[in-house]
Amino acid sequence: MHFSSCLCTLLVALVYQVSAMDTVIGLYGETVEVPCNNGAPKPKDLFITKWKYDNGDLLTQLKDQDASVIATDKYKDRVSMAENSSLLIAKASLKDEKTFTCMVVAGADISEYPVKLLIHKAPTRVEITALAAELEIGKPTQLGQCSAPDANPAANITWFKNKKHLVADEKGIIISSKVNVDEVTGLTTTSSTLQYTAEKGDTDALFTCGALNALSSPVSFTVTYPTERVSLHVISKGPLMEGDNVTLKCKADGNPLPTSFNFHIQRKVVKVENSDSYTVTDVTRDSTGEYKCSIIDNAKMEDSKNITINYLDMSLSPSGKVMKSAGESLALNLQTDASGELRVSWTKDNGKLDKMPKFDKLTYSDSGKYEVVVTMGALIKKASFELVVEGIPVIRRLAKQRGEDGQHKVLTCEAEGSPKPTVAWSVNGTSADESPYVNGKISHKLTIVPTVNLTVVCTVSNELGQDTRAINVSTCSSDDSDTTKLVVGVIVGLLLATVVVGLAYWLYMKKSKQGSWKTGEKEDGSTEESKKLEEKIEEKLEENSQKVEV
């Protein structure tokens with residue numbers, strides 16, 4: 001009681017000051033801090049600090065003492081004072097939106113700092129409800145309602161399409177909003193309705209709404225519109241060939257998509273329900289032509305495609321295994337029919353030929369497997385025949401030669417024929433060697449050591465006939481005697497030739513001298529001619545002598 005009277009006496013003597021009002025925003029349900037003097041440091045000569053509001057005092061604090069709560073109403077258990085003299089209000093509600101005043105007594109001054117407290121609350125959620133079942137192009141439809149409940153101040157709702165702000169134009173976009181206030185809490189619920197006229201491009205569009213940095217979950221709608229265009233597609237991995245299956249697919253741009261179509265297949269109409277495809281099986285060249293599809297409820301809504309079926313025919317005569325005799329002719333006949341440009345190639349025994357073979361006069365080398373390949377794009381046709389040229393075997397050569405050691409003879413029998421001839425000799429020998437059978441030719445060698453002069457026979461045969469030849473073979477020693485006789489004969493012949501030349505020279509000289517005696521001519525010319533003739537004779541004799549030595 002004494003303290004109160006002293007304080008009143010003291011306040012009468014002090015200077016009274018009131019500062020401009022500040023505003024503080026607190027969050028709903030949280031502890032709100034209301035600063036004194038905008039949070040300025042306490043004055044050094046501070047005596048007392050007191051918080052109050054219109055209906056009474058809240059708490060006071062003397063210098064160097066704890067704050068004392070003097071409120072008796074709803075703030076009794078919710079207020080306290082911070083170290084810096086700020087007012088702390090727990091569990092803030094909208095009813096706390098009022099003006100609180102901090103009174104500071106320092107020295108001879110009394111200062112008051114009024115602070116207006118506002119309580120904000122973000123909406124509990126933002127969501128879109130009452131969604132439309134679908135959107136129809138060109139028809140205004142209430143898309144949905146966006147709500148932002150339990151907010152303060154009332155939330156301002158914005159609509160978005162694909163994250164872009166939608167602005168009402170009162171034509172294709174109409175937005176209407178309303179706010180409801182809860183009588184108990186004073187919190188507001190904002191509702192916004194979007195009426196939207198869809199376009200074709202709105203298919204799969206995402207719509208959202210937002211308030212106070214909060215966004216709803218995105219929603220999308222089925223956008224319906226009638227079919228405006230039909231397209232026919234031919235499903236194929238490549239050019240269509242005879243025997244292929246061709247799938248026709250009819251596509252429409254309406255939504256929902258048509259489920260039934262008419263397919264026009266070579267002047268026939270095939271109705272297909274619950275599918276957009278139809279398959280034509282095992283097509284032929286006669287399947288080439290125009291194909292169409294249309295929607296059932298509008299025959300004018302159609303599309304068409306021209307389809308070409310590629311084909312390739314080929315025949316080759318002869319075929320299979322062809323047996324011919326050597327010397328005969330063989331005519332080939334290749335016939336083709338195709339829907340495009342052809343490429344023809346020939347091979348013989350897998351070896352490439354430059355052109356189609358021609359057989360005017362068959363030889364054994366013509367035997368083999370011939371194949372023709374005709375291609376047109378991805379189409380390939382092949383045909384082949386095996387040519388066998390036959391003939392009675394004929395010995396083309398029978399020869400002999402001395403072996404390298406001079407002690408044996410090598411006989412060679414070369415023959416042609418088909419089928420492959422077998423070779424037989426009339427004598428036995430060693431080191432029989434047969435060459436590979438190629439192009440109807442075969443060569444057989446036999447090594448023998450003859451002890452007497454004999455006649456050897458080579459026989460070649462096949463299923464068509466045979467041929468035989470004989471050759472005289474002498475012993476190796478007989479060959480040496482025959483060589484000696486030959487050399488002696490050559491020497492005797494050369495000697496006789498020398499005698500004849502000498503005799504001719506003697507007669508010529510004799511006749512020349514007689515002529516000079518009769519005519520009285522000088523012998524100088526005859527002497528010169530005689531010298532030349534003598535030189536020629538000497539050269540001839542020397543040449544013959546060398547041959548004899550050989």
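Trainee: How many salt bridges does the count come to in this one?

Mentor: The count comes to 19 salt bridges. Keep in mind that this is a predicted model.

Trainee: Okay, take a pair. What makes D57 and K50 a salt bridge?

Mentor: Put the distance next to the cut-off. The closest N and O atoms of D57 and K50 are 3.5 Å apart. The rule asks for a side-chain nitrogen of Lys or Arg within 4 Å of a carboxyl oxygen of Asp or Glu, so the pair passes. As for why such pairs occur, side chains of opposite charge can pair when their charged atoms come close.

Trainee: Why is D57 called partly exposed?

Mentor: D57 has 32% relative accessibility. Buried means under 20% and exposed means over 50%, so a value in between gets the label partly exposed.

Trainee: And K50, buried or exposed?

Mentor: K50 is at 17% relative accessibility, so the label is buried, the cut-off being under 20%.

Trainee: How do you know that D202 and K161 meet in a salt bridge?

Mentor: Their N to O distance is 2.9 Å, and the rule wants within 4 Å. This pair also ties together parts of the chain that are 41 residues apart in sequence, because D202 lies in the loop between β17 (188-197) and β18 (207-211) while K161 lies in strand β14 (residues 158-161).

Trainee: Why is D202 called buried?

Mentor: Its relative accessible area is 2%. Buried means under 20%, so D202 gets that label.

Trainee: What about E328 and K324, what makes that pair count?

Mentor: N to O is 3.6 Å for E328 and K324, and the limit is within 4 Å, so the pair counts as a salt bridge. E328 has a relative accessible area of 35%, so E328 goes down as partly exposed. There is a network as well: salt bridges that share partners join E242, R285, D313 and D337.

Trainee: On to the cysteines. How many disulfides does the count come to?

Mentor: Four disulfides. Each is a covalent bond between the sulfur atoms of two cysteines. Number the bonded cysteines in sequence order and the pairing reads 1-2, 3-4, 5-6, 7-8.

Trainee: How do you know that C36 and C102 form a disulfide?

Mentor: Their sulfur atoms are 2.0 Å apart, and the cut-off is within 2.5 Å, so the pair qualifies. The link is left-handed, with -70 degrees about the S-S bond. C36 sits in the loop between β3 (32-34) and β4 (46-53), and C102 in strand β9 (residues 99-106), so the link ties together parts 66 residues apart in sequence. Both C36 and C102 are buried.

Trainee: Why is the disulfide of C146 and C209 right-handed?

Mentor: Because the torsion about its S-S bond is about 80 degrees. The S to S distance for C146 and C209 is 1.9 Å, which the cut-off of within 2.5 Å accepts. C146 is in strand β13 (residues 140-151) and C209 in strand β18, 63 residues apart. Both ends come out buried: C146 is at 0% relative accessibility, and C209 has a relative accessible area of 0%.

Trainee: What makes C250 and C293 a disulfide?

Mentor: A sulfur separation of 2.0 Å, set against within 2.5 Å. With 70 degrees about the S-S bond, this link is right-handed. C250 lies in strand β22 (residues 246-252) and C293 in strand β26 (residues 289-295), so parts 43 residues apart in sequence are tied together. At 1% for C250 and 0% for C293, the two are buried.

Trainee: Which residues does N262 touch?

Mentor: Leaving out residues up to four places away in sequence, N262 touches V269, V270, K271, K292, C293, S294 and I296. N262 is in strand β23 (residues 260-265).

Trainee: And why is N262 called buried?

Mentor: N262 has a relative accessible area of 15%, and buried means under 20%.

Trainee: Last one: which residues line the largest cavity?

Mentor: V246, L248, V280, V283, Y291 and I307. By class that lining has six nonpolar, no polar and no charged residues; Tyr goes with Val, Leu and Ile on the nonpolar list, so Y291 fits that tally. The cavity holds about 30 Å³ of space, and the structure has one cavity of 30 Å³ or more.

Conventions:
Residues numbered from 1 in each chain as written. Heavy atoms only, no water. 1 Å grid on protein atoms, 1.4 Å probe; cavity = no way out; pocket = protein on both sides within 12 Å on 5 of 7 lines; lining within 4 Å. Points joined across faces, edges and corners; volume = space filled by probe spheres on them. Buried < 20%, exposed > 50% of the residue type's maximum accessible area, 1.4 Å probe, protein only. Helix = DSSP H or I, 4+ residues; strand = E, 2+ residues; numbered from the N terminus. Contact = heavy atoms within 4.5 Å.
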